[in-house]
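Here are some worked exercises on helix packing and internal cavities. Grab a coffee and try each task before reading its solution.

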Amino acid sequence: MSATTSPADSSTATGGPTTTTTPTISTSTAAATVTNAIVKTVEAIISSTAPAASQSASPSPSGFSTPTQSPTSSSTPTTTASMGGPEEKLSVQDLSQTLQHFGVVDYLVFIAMLAVCAVIGVYFGFIEKKQKAKKKGQLAGKDGAGAAGVEERRGSEALDYLVGGRQMKVFPVALSLVASFVSGISLLGTSTEIYVYGTQYAFILVTLAISGAISWYIFLPVFCNLQLTSTYEYFQLRYGAGIRNLGAVLFIVDTTIWLPLCMYIPAITYSQVTGTGIYVITPIVCIICTFYTCVGGLKAVIWTDVIQSFVMFGSILAVCIKGTYDVGGLPVVLQRNEDSGRLNVPEWTWDPTVRLSMLSVIVGGTLHKMQSSDVNQVSIQRFLSLPSYEHAKRCMLVFTLLLIFLLSCCCYMGLVSYAVYHDCDPISTKLAKASDQLPSLLMMRTLGSWPGLPGLFVAGVFSAALSSLSTGLNSLACVVTQDIVRPLLRKPLTERQTAFWLRAIVVGFGFSCIGMVNIVEKLGNVIPLVTTTSAVTMGPLLGIYCMGVGLPWVKGKSVMVGSLVSFLALGWICVKAQLGKMNGEIRYPKMPVSVEGCDYSFDNATVFQAIHDYSPSERNLYHLSFFWYTAFGGVICTVFSLLASLFFGWEDLSQMDPALITPCMRRFLPNKNCQAVNMQDLFKR
């Protein structure tokens with residue numbers, strides 16, 4: 001039996017008494033008087049028994065209470081003794097509308113976050129620039145052209161715009177890295193992952209520490225010593241121009257496709273909470289983000305990331321704390337998740353097709369996080385904004401700890417989500433039209449009655465999106481100018497030309513993001529496309545980075561062969577896997593859910609299909625765990641590069657610059673008569 005309410009029945013779903021009138025009765029006035037008297041009598045009786053009834057009422061997702069019903073009647077529009085007549089339960093559509101109570105205070109909180117970001121851009125784009133020009137004039141007047149020349153070199157347009165003049169502080173840069181890599185997708189998707197599949201994914205917290213330690217020891221010494229603006233400049237120094245162009249193109253394509261999705265997911269959350277379409281909020285947010293990124297450069301990006309990081313932490317903590325309090329405390333949260341089997345660990349198996357095994361999480365997750373969070377253009381560009389290598393090491397430590405803490409909060413929010421919805425799964429009933437909307441429902445249930453807190457949560461989700469967008473725009477400007485534009489020009493760019501190109505690229509990609517968000521909204525299943533693109537690009541890049549610093553014998557031609565083979569092989573597997581998921585051919589085991597406690601009406605057929613008709617599919621090669629994508633691509637790139645070296649030959653180590661190799665591998669290079677220089681002294685020079 002379907003429990004949905006038809007349009008004809010919607011008029012009786014408000015809870016009032018249903019009366020039948022016929023035009024042939026002449027004594028309608030008297031009948032109305034008698035009916036009103038009966039209704040008032042019933043109301044008086046009900047009001048006298050309301051305290052007793054309220055004891056058995058249970059809170060609904062929208063904040064109101066209805067009498068507790070048996071599990072067998074939870075999905076049928078049964079009636080209650082209210083107003084002397086039948087009362088239908090709210091439908092999914094009606095309940096979804098009641099959750100949209102975004103008040104004036106919430107809008108003010110959200111607008112305040114955007115306003116602060118714009119003000120920061122104005123400060124670093126105009127006010128600080130005037131202060132630096134004034135300081136430069138004072139130095140020229142006191143010490144002549146020498147001091148002014150040093151200050152000018154330190155504050156050159158490209159250096160100041162892309163790496164903040166290499167004078168940034170550790171804690172702001174660490175917060176900026178956290179905000180950059182925890183996008184709105186991660187903020188919403190991590191808790192949903194825990195809700196659907198359990199705590200297996202939470203073991204990536206271990207891989208964050210391992211990948212951070214590897215990056216600290218292997219990669220940071222090389223890039224901090226070279227002091228390059230673009231990491232793909234390193235590819236040219238180590239391999240040649242071909243690998244540099246390949247890396248730059250892969251980064252540009254991946255980032256261009258990724259940025260619209262970063263804005264689309266938070267826009268859906270905003271639309272769900274406020275009822276406003278994404279066509280209204282997306283252009284406003286993109287324009288503001290493009291503005292402060294364009295005028296303020298990396299300094300504005302980092303300091304807005306600091307503000308946005310605090311908003312993210314505050315919003316997640318508010319939902320976790322209030323949600324835990326509402327269900328009865330931490331023991332209740334843990335007990336309900338334990339009873340459902342969600343406090344699980346990755347499987348101990350060598351099978352790579354298992355969705356999350358201990359091997360895939362620890363090994364594959366470490367390599368994936370190393371490439372996605374530590375060794376790429378975005379992160380290296382921020383590490384190079386610090387004054388020295390020691391500052392970069394401290395920043396890596398703080399960044400890793402903050403990232404572990406934030407993702408731990410996201411994982412715990414998934415546990416709170418199940419504790420709240422343990423007897424009424426909103427994904428199965430379609431109260432959440434998409435699984436990533438679950439955190440928004442949890443927020444409106446736990447914080448909806450507190451003015452300003454829904455606005456804080458939405459601001460937190462958009463803060464994650466803004467930080468990813470601004471970081472991507474700034475890095476795109478760096479890569480395009482340094483790796484695409486400058487090599488094509490015969491003469492070097494002047495300061496004015498550099499300023500123009502940097503800002504024009506930011507504006508161009510920023511406004512293209514607005515249009516691409518609309519395309520994303522029309523395409524529908526675009527997340528698999530972005531996931532596939534990211535995996536296909538990160539695998540070869542991981543191999544290129546690792547061989548560059550760790551295998552000095554491999555030539556650029558061999559690396560090109562290995563990269564292309566890795567790109568094609570990984571692309572084939574990822575595309576086939578995503579098509580299988582879209583067609584329902586690839587289905588992973590999920591944790592059990594229940595709808596026995598739902599106090600709103602839903603479609604029984606949809607729920608039955610979602611819960612009882614779902615079964616895992618048989619595993620094959622295309623079931624490869626998503627954690628293996630980057631690792632698999634890196635291994636393929638390395639293996640085929642070594643095989644190609646048998647044909648192209650090996651690198652002449654006598655011509656290899658030791659600065660391009662990680663310190664632990666320099667022992668394999670021929671000894672040269674070189675003077676050892678302390679890293680701090682090198683930075684001073």
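A cavity here is a set of grid points where a 1.4 Å probe fits but cannot get out, and its volume is the space filled by probe spheres set on those points. Keep in mind that this is a predicted model.

**Exercise 1. How many cavities of 30 Å³ or more does the whole structure hold, and what lines the second largest cavity?**

Step 1: Start with the count. The search turns up 3 cavities of 30 Å³ or more.

Step 2: Get the volume. The second largest cavity holds about 40 Å³ of space.

Step 3: List the lining. Around the second largest cavity sit T255, T256, L259, P260, L476, F509, S512, C513 and M516. Two elements, α11 and α19 (495-523), each give two or more residues to this lining.

Step 4: Sort by class. You get 6 nonpolar, 3 polar and no charged residues in the lining of the second largest cavity.

**Exercise 2. Which helix gives the most to the lining of the largest cavity?**

Step 1: Look at the space itself. The largest cavity contains about 60 Å³.

Step 2: Read off the lining, which is S96, L99, Q100, Q272, V273, S440, L441 and M444.

Step 3: Match residues to helices. Both α11 (241-274) and α17 (438-447) supply at least two of the lining residues, and α17 comes out on top with 3 residues.

Step 4: Check the chemistry. The lining of the largest cavity splits into 4 nonpolar and 4 polar residues, with no charged ones.

**Exercise 3. At what angle do α11 and α12 cross, and which residues make the contact?**

Step 1: Take the geometry. The axes of α11 and α12 (residues 278-327) come within 9 Å and cross at roughly 130 degrees. That angle makes α11 oblique to α12.

Step 2: Add the hand, which is right-handed for this crossing of α11 and α12.

Step 3: Name the partners. From α11 come M263, Y264, A267, I268, Y270 and S271, and from α12 come I278, I281, T282, V285 and C286. By class, the contact of α11 with α12 has 9 nonpolar, 2 polar and no charged residues.

**Exercise 4. How do α9 and α14 pack?**

Step 1: Helix α9 (residues 204-226) packs on helix α14 (residues 358-374) at about 55 degrees, with the axes 8 Å apart. So α9 is oblique to α14.

Step 2: The crossing of α9 past α14 is right-handed.

Step 3: Residues of α9 in the contact include I204, L208 and F219, and those of α14 include V361, K369 and D374. The residues of this contact of α9 with α14 divide into 9 nonpolar, 6 polar and 2 charged.

Terms used:
Residues are numbered from 1 along each chain as its sequence is written. This is a predicted model: local features need pLDDT of at least 70, side-chain atom pairs count only at pLDDT 80 or more; totals for chains, interfaces and linings use all residues. Side-chain values use heavy atoms; hydrogens and water are left out. Axes are lines fitted to C-alpha atoms, for helices over the stretch in contact, and angles run from 0 to 180 degrees between N-to-C directions. Helices (H or I, at least four residues) and strands (E, at least two) are DSSP runs, numbered from the N terminus. Angles under 35 degrees count as roughly parallel, over 145 as roughly antiparallel, 65 to 115 as roughly perpendicular and the rest as oblique. A crossing is left-handed if the near helix is turned anticlockwise from the far one by less than a right angle, and right-handed if clockwise. Contact means heavy atoms within 4.5 Å. Ala, Val, Leu, Ile, Met, Phe, Trp, Tyr, Cys and Pro count as nonpolar, Asp, Glu, Lys and Arg as charged, and the others, Gly among them, as polar. On a 1 Å grid over the protein atoms alone, a cavity is a set of points where a 1.4 Å probe fits but cannot get out, and a pocket is an open set with protein on both sides within 12 Å along at least five of seven lines; lining residues have an atom within 4 Å of a point.
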